[in-house]
Structure formats: structure tokens, C-alpha cells
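Colleague: Could you walk me through this fold and tell me how each label was earned? I would like to hear the criteria along with the values.

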Amino acid sequence: CSCCCCCCCCVVCETTVALVVRPGNFRSIHTWEDLLQPGLQIVVANPKTAGVARWIFLALWGSKMKKGDAAAREYVTKVFDNVVVQPRDAREASDVFYRQKLGDVLLTYENEVVLTNQVYGAEKALPYVVPTPNVRIECPLALVDKVLDSRPPAARQAAHDFAKFLFTSDAQVEFGKVGFRTNRRLSKVTPDHLIGQRSQIKLWTVDKELKGWAAAQRKFFDAGQVLDQIQADVGARRMEARKNKKR
């Protein structure tokens, strides 16, 4: 793959993790810590099937990582104790929360909730918060040479032209309209959903804090690692609780 753009990096736009709540935010969810409320019902996609859920898992972990792995694991485990359903992906999770009205809070991409609110309209749109600190979810661009080599020269030129367009101010404005965080080096226009919010959120990166995605995959998401251990722990305790309830 190769990056082909007029910018010094290949990140087109960004997003982060948002907590979508019910009208009036009656559970008073404002911070990561609020997800530990007893009896809170959390909807989040399954990290085994959804990239969004892996980002969310890392965002949860990152909110406590400065206190050490033990504190981060304890916190994430307690959050998963409150998870009532894990849909297949971000869009299905939104459907469960918006359409089926299951749960008190939905964890998803910020751009996903902005777009979903647009789709449902003002009357059915739901409030959300972006807690801090939060993970910077970068959306990179790459042109796949192996694919382009098999196409006519015009196809490669069209791909290059489109890639360059994505790094223009006009394209960035369009990304902002559907909920993404724009590249501020390319556009000075602040998306509506970020007005008054952008400078208040401290974002960290997987590359800097977790030594990159390859290392994060090995530590958290490979078979038998942290995610599996946490889900096994939560599952075992739920099963034991059900057994005790039947007695």
C-alpha cells in the first residue's frame, strides 16, 4: 500500500468514543466512572466481531491506564459487568439502543451517534457525552498498489485524484457534517458537533500509549488474553449468580 496525498500524514479524519444516553440523561452519565453505577444497562458491540468495540475497550482501559494494569483491568471488568447485550457491530448496536430502546447507555463512535441522530431526526435524536481522557481514533488513507496495478491507468489516476481531494478543505467540511473530527491543518471550519467541546477533550493514541496496534492486539485481543480473561470472569460470575438464584 502507499499513501498518496498532499499532506505529510495519511490520516484523513478522526473520531473518538461517545456515550449515548436517554433523553434527560436521568442516570447522570458524564464521565467514565459513571459507567460503574449499580444496575446500569450498557449496550456495546462485541469486541470479537466489531472494530468499534475494540476501540471502545481500549478507551475504557485508557481511562485508567495511568494507574497501572491492575486498576485498568478492574475498571474494565466492572464496566463489562454492566453490559446487557453485545451486538455484532456499531450499526447494529445503534439499532438496539435507538430502535429497540434497550439499555441506559450506548458506547459507540462519536461520528456514529452524530450520523444516527441525523438519520432519526431532531425529535428522536439522543444526547451524548464525550468523556475525557479518550482515545484518538484515526481514519487513515492508503492506495493499494496490488489492486491498482491490475486496473487501467485511468483508474489509478482517479484514485490519486480522489485521495488528494479528501485532504482539501471542502472534503474536510463534508467529513465534519457527518460527525467526524476534521484535520485542523486542512480546514479551519469547526464541525457543528465540536463547537465548544474540542479543546476540552484530551485524546491519546494507541501508538504512543500502547506501543501500536500490533502490540495492543497481542496484549488484549489475541485468544486467551485480557479481553477473553475479562469476559470469562464476567461470564463465570453471572452463571454462578443464576445458579444461586435458582436455589
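Modeller: Gladly, and let me begin with angles: those under 35 degrees count as roughly parallel, over 145 as roughly antiparallel, 65 to 115 as roughly perpendicular and the rest as oblique. This is a predicted model, in which local features need pLDDT of at least 70, side-chain atom pairs count only at pLDDT 80 or more, and totals for chains, interfaces and linings use all residues. Residues are numbered from 1 along each chain as its sequence is written, and side-chain values use heavy atoms, with hydrogens and water left out.

Colleague: Why are α1 and α2 called oblique to each other?

Modeller: α1 (residues 51-62) and α2 (residues 69-81) pack at an angle of about 125°, with their axes 8 Å apart. The axes are lines fitted to C-alpha atoms, for helices over the stretch in contact, and angles run from 0 to 180 degrees between N-to-C directions. The pair is therefore oblique. Helices here are DSSP runs of H or I with at least four residues, strands are runs of E with at least two, and both are numbered from the N terminus.

Colleague: Which residues of α1 and α2 meet, and what is their character?

Modeller: Phe57, Leu60 and Trp61 in α1 meet a set in α2 that includes Ala72, Tyr75, Val76 and Phe80; contact means heavy atoms within 4.5 Å. The contact residues divide into eight nonpolar, no polar and two charged. Ala, Val, Leu, Ile, Met, Phe, Trp, Tyr, Cys and Pro count as nonpolar, Asp, Glu, Lys and Arg as charged, and the others, Gly among them, as polar.

Colleague: How do you know which strands are at the edges of the sheet?

Modeller: Two strands pair if DSSP finds at least two bridges between them. The open sheet has the order β4-β3-β5-β2-β6, with mixed pairing, and β4 (83-85) and β6 (128-129) each pair on one side only. β2 (residues 17-21) pairs with β5 (residues 105-109) in the antiparallel sense over five bridges, and with β6, also antiparallel, over two bridges.

Colleague: What makes β2 largely enclosed?

Modeller: Five of its five residues are buried, so β2 is largely enclosed by the rest of the structure. Buried means under 20% relative accessible area, exposed over 50%, and partly exposed in between, with a 1.4 Å probe and protein chains only. Val17, Leu19 and Val21 are buried on one side, and Ala18 and Val20 on the other.
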